[in-house]
Structures are given as structure tokens and as C-alpha cells.
Amino acid sequence: MYSSSIADAPLVREPLHAPVAHLIRGGMIEGIHYGSVVVLGADGGVQFQLGDIEAAFYPRSALKPVQAVAMARVGLPLDGELLSLAAASHSGEERHLAGTRRILELAELTEDHLRNVPDMPYDPVVRDAWVREGRLPSRLAQNCSGKHAAMLYACRLNGWSLEDYLDPGHPLQQAIAEIVEDLTGQRIARVTVDGCGAPLFSVSLHGLARAAARITTAAPGTPEARVADAMRTHAEMASGSGRDVAALMRAVPGLLAKDGFEGVQVAALADGRAVAVKIADGANRARVPVAAAALARAGVDPQLLTEFQGEALLGGGQAVGCVRPVRSLEPVAVAACA
């Protein structure tokens, strides 16, 4: 069971990562991805760990569900698609832009009030279309715009200032920091600035998994349950068409999943089983199969995870290898790739 007390902040140190995935080409290990993995059981206990799950690290966008819970706790009235978008690293599709505009309209604000960094859409197909059409980077297209619009709406509802809503000392960011500590069960180790300009809080990989589990096991109607329901029901609003994290939530019933830049993945089931992954070199090609293997370790039927076993390595246009989680992580033996 989870304790109601808050532990000390994790240590800021060089993480003691371990091999978590092999690049296999022609039956030989060509490269190794290092990282860390934690699997929690339904009782909150550590069922499996690899690498360093207690060192301080930056969860990046994998922390967005927690930020969305914090905004819901201070009165953000969104639900469904728009609440999912508030926790999103979206692809910049038109529905994402339209949803962000809608949140701003509800707050009686405009795109000019956003303080995230202007960018092109995250999805490469959507981005290429923008380039062909001569469209420029915008705050609305940047993948965190839904979160920023929701932050502004929360500030508007609480009478907080808008211009400095990204300042770590702002009441909104202080409220978010409080919920980060509440759900992770530990003090924040360090605060910096995320890619979008928002404060980024450092916790441990263990703490991130614990937070996801507490969100998925919360009582119906709570801010935590509202966020989990919104993201699971509207997975494409929290990510985008063709994104692996949305496909993962569709494939595994009741799963809440969120990715983050630099090789971070967190996922939790409705009964509290949870996994968190950090790939040391930030590689997405290792994040997906390692997360899938961790979910199988947590008891998810491996048959539900077959499409997430990793991309093929090509030679002359033919598959000659693969990215494969290390044997200690995979719960069942699998056939070796070429």
C-alpha cells in the first residue's frame, strides 16, 4: 500500500543505468541501450527493477498526467477530449489545434496569451504539410499547447496572474509542485525549465510509477480518475494518430500511458500495477519494446503487446536484426531475431 507521508527528495547523482535493450544484427549484438526500469505490483511494491530507479531524473512530458491532476484539483472544469488534451504531447493535428483554441475560448483568452515556445507540429506528416503550405511555427502547433491553454484557464478561474504563469513561484506552479510531491510520494529534487518553457520537476523513476498508479486507482469522480478516464478514452487527443502511446492504450484494456522526451515512458493499469522506463540515451527505438516487456513483467498478456516488440534493423532493405529487451527483462523466452 502507498504511504500518505512524503519521503525526502531523491539524490541528484549520475544514474547507475544498466543494459535494457540490445541491437541485434545478423545474430550478434551490435549495440546496447542502457537505462532503468521499474515494475510495481498492485500493492505498490517493487516487483521488478533494473538499473537505477531511485536517482533523481526529469520525467519530461511523462509528468503531464500529474500536472493535469493538479489543474483539476484547483478547479479546471475540463473533461473528455479537452482534459486529455490538457495532458497531451500532441501531434499538431487540426483537432489538437481546434481543441486548444476551445480551451482558450472557455478562458476568454487567445493564442497570444500562450507562453510556450513556437514550433512546428510534432507529427512529421503534419509538419511536412505545414512546410508545403508555407505555414510558420506557432505556439498553438507546439506539442504542449493544450497543457499551456489549460494552465491559463486554471489561472483565469482562480484569479491568478496570466503573464507569469510559467514562473516556478506562481501560485499555479506551486500547486502543481505540491501535487507532484503528493502523488510521487517524495520531495522534488530539482526544478528546471522544460522544452516548452514550463517548470520541470525532478523526481525518481520509482516515484513516477507510483504517481501513475495512484492516478489509475483513484476513486471515481476524483481529479485523478477524471484525468485517467479522459486520456484512456481519448488517447489520440493525448498524443496523435499513429503514435505508439495511443496504440498501447488501445491494445491494453484499462491502461493509462504517457511518453516523454529523452526516452521516458510510464504506464499504469486500473488495479495499480505500473511500469516506468528511462532510456539513458533517449532513444525511442528502445523505449517502446522495453516498456512492452515491462508491462508483460507486470502481468499484461504478451499477446496484447506483440506490435510493440521493437522495430526491425534493416540491411539492404531487408530485416536483418531487431531491438530486443535484455533477457532479464523479458518474462518469457522469445525467438531470436536475425
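Which side chain meets that of Glu94 in a salt bridge? In this predicted model, the partner is Arg135, with an N to O distance of 3.5 Å. The pair ties together distant parts of the chain: Glu94 sits in helix H3 (residues 94-106), while Arg135 belongs to the loop between helix H4 (124-132) and helix H5 (145-158), 41 residues apart. Both ends see some solvent-accessible surface, as Glu94 is partly exposed at a relative accessible area of 45% and Arg135 is partly exposed at 32%.

A second link across distant parts of the chain involves Asp182 and Arg214. Their side chains form a salt bridge at 3.6 Å, N to O, and the pair spans 32 residues, from Asp182 in helix H6 (residues 171-184) to Arg214 in helix H7 (residues 205-216). Asp182 has a relative accessible area of 23%, so it counts as partly exposed, and Arg214 likewise comes out as partly exposed, at 23%.

Then there is a pair within one helix. Arg232 and Asp229 form a salt bridge whose closest N and O atoms are 2.9 Å apart. Both residues lie in helix H8 (residues 223-233), three residues apart, or about one turn of the helix. Arg232 is partly exposed, with a relative accessible area of 25%, and Asp229 is also partly exposed, at 42%. Elsewhere, pairing goes beyond couples: Arg73, Asp182, Arg214 and Glu224 are joined into one network by salt bridges that share partners.

As for the overall tally, the model holds 18 salt bridges, among them the Glu94 to Arg135 contact that opened this section.

Notes:
Residues are numbered from 1 along each chain as its sequence is written. This is a predicted model: local features need pLDDT of at least 70, side-chain atom pairs count only at pLDDT 80 or more; totals for chains, interfaces and linings use all residues. Side-chain values use heavy atoms; hydrogens and water are left out. A salt bridge is a side-chain nitrogen of Lys or Arg within 4 Å of a carboxyl oxygen of Asp or Glu. Helices (H or I, at least four residues) and strands (E, at least two) are DSSP runs, numbered from the N terminus. Buried means under 20% relative accessible area, exposed over 50%, partly exposed in between (1.4 Å probe, protein chains only).
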